[in-house]
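Please open the structure in the viewer and keep the selection tool at hand. The stops below proceed from the whole chain to individual elements.

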Amino acid sequence: MTQETALKILQTGANVFLTGEPGSGKTHMVNQYVRWLRAHGIEPAITASTGIAATPIGGMTIHSWSGIGVKNNLSSYDLDMIASNERVAKRVGRTHVLIIDEVSMLSAETLSLVDAVCRQVRRNSAPFGGLQVILVGDFFQLPPVVTRDGNATPRLGFGEAEAGAALAPFSFRSRAWEALGPIVCYLSEQYRQEDAVFLGLLSAVRAGNTDAAINTTLA
């Protein structure tokens, strides 16, 4: 998919998973959409899964934005406390578009907690309280870092175990992702590298599809 097509989809207000290989222009695409939103009087919430990832895009961690902090589970009391936090309530309540960068490093349970907070604060039972959510990242890159209990099973909102999350707690396995139903925008153009042979090699290594010829080249 071209960046132009992806931008048109974003402009419809649809929930989107923006992905593609390194160099396909994911960050550039986000910046384009942010400029378009601001030109139309909409200030998006720009967040990322880690502080390091949030800095280049001028955002904050999704943990800080949502008020969940380091929690990996929320009780009804916890949700009420977060919703009564004036700064969090204003931040979440006035948001129309939520961007989460480097989503590959966000665990399934964390995404579900953010979803629960948005619904509670916005008093809206729709996924993420009715926000347009833009998930950005590449699941071939860094996976989530999670703290596991004795059974190696992460807990989701209200202590509920997420099916299939124990061995690979990626955010796309969460009920929140499923309920959101994002359109997948896979950017297929390459802007960082023009050498077709080298690009083929990088793509093969990224997907783990190396053969004898590629192994020889790498050696």
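What percentage of the 219 residues of the chain count as buried? The value is 45%, computed, like every value in this tour, on a predicted model.

**Whole chain.** Display the chain as a cartoon. Its secondary structure consists of 10 helices and eight strands. If contacts are limited to residues at least 6 apart in sequence, 70% of them join residues at least 24 apart. Switch to a surface representation: the chain exposes about 11200 Å², and carbon and sulfur atoms supply 54% of that area.

**Strand β2.** Select residues 45-48, which form β2. Display the side chains: A45 and T47 point one way, I46 and A48 point the other way, and all are buried.

**The partners of β2.** Add residues 60-61, strand β3. β2 and β3 pair in the parallel sense over two bridges; within β3, M60 is the bridge partner of T47. Next add residues 97-101, which form β4. β4 also pairs with β2 in the parallel sense, over four bridges. To locate this pairing, select A48 together with D101 of β4, which stands opposite A48.

**The loop before β4.** Select T95, in the loop between α6 (86-93) and β4. Is T95 buried or exposed? T95 is buried, because its relative accessible area is 4%, and the cut-off for buried is under 20%. To see its surroundings, display A45, W65, R122 and L131, which T95 touches when residues up to four places away in sequence are not counted. A45 belongs to β2, the strand selected earlier.

Two distances may be drawn from T95. A polar atom of its side chain lies 2.6 Å from the backbone oxygen of R91. The C-alpha atoms of T95 and Q132 are separated by 9.2 Å, although these residues are 37 apart along the chain.

**Helices α6 and α7.** Finally, select α6 together with α7, residues 108-122. How do these two helices pack? Their axes are 9 Å apart and form an angle of about 90 degrees. α6 is therefore roughly perpendicular to α7. To inspect where they meet, display A89, V92 and G93 in α6 and C118, V121 and R122 in α7. R122 appears at two stops of the tour: it is among the residues that T95 touches, and it is part of the meeting of α7 with α6.

Technical notes:
Residues numbered from 1 in each chain as written. Predicted model: local features only at pLDDT ≥ 70, side-chain atom pairs only at ≥ 80, totals over all residues. Heavy atoms only, no water. Buried < 20%, exposed > 50% of the residue type's maximum accessible area, 1.4 Å probe, protein only. Contact = heavy atoms within 4.5 Å. Areas by Shrake-Rupley, 256 points an atom, 1.4 Å probe, with all protein chains shown as cover. Polar contact = N/O pair within 3.5 Å; in protein donor to acceptor, adjacent residues only side chain to side chain. Pairing = 2+ DSSP bridges. Axes fitted to C-alpha atoms, helices over the stretch in contact; angles between N-to-C directions. Parallel < 35°, antiparallel > 145°, perpendicular 65-115°, else oblique.
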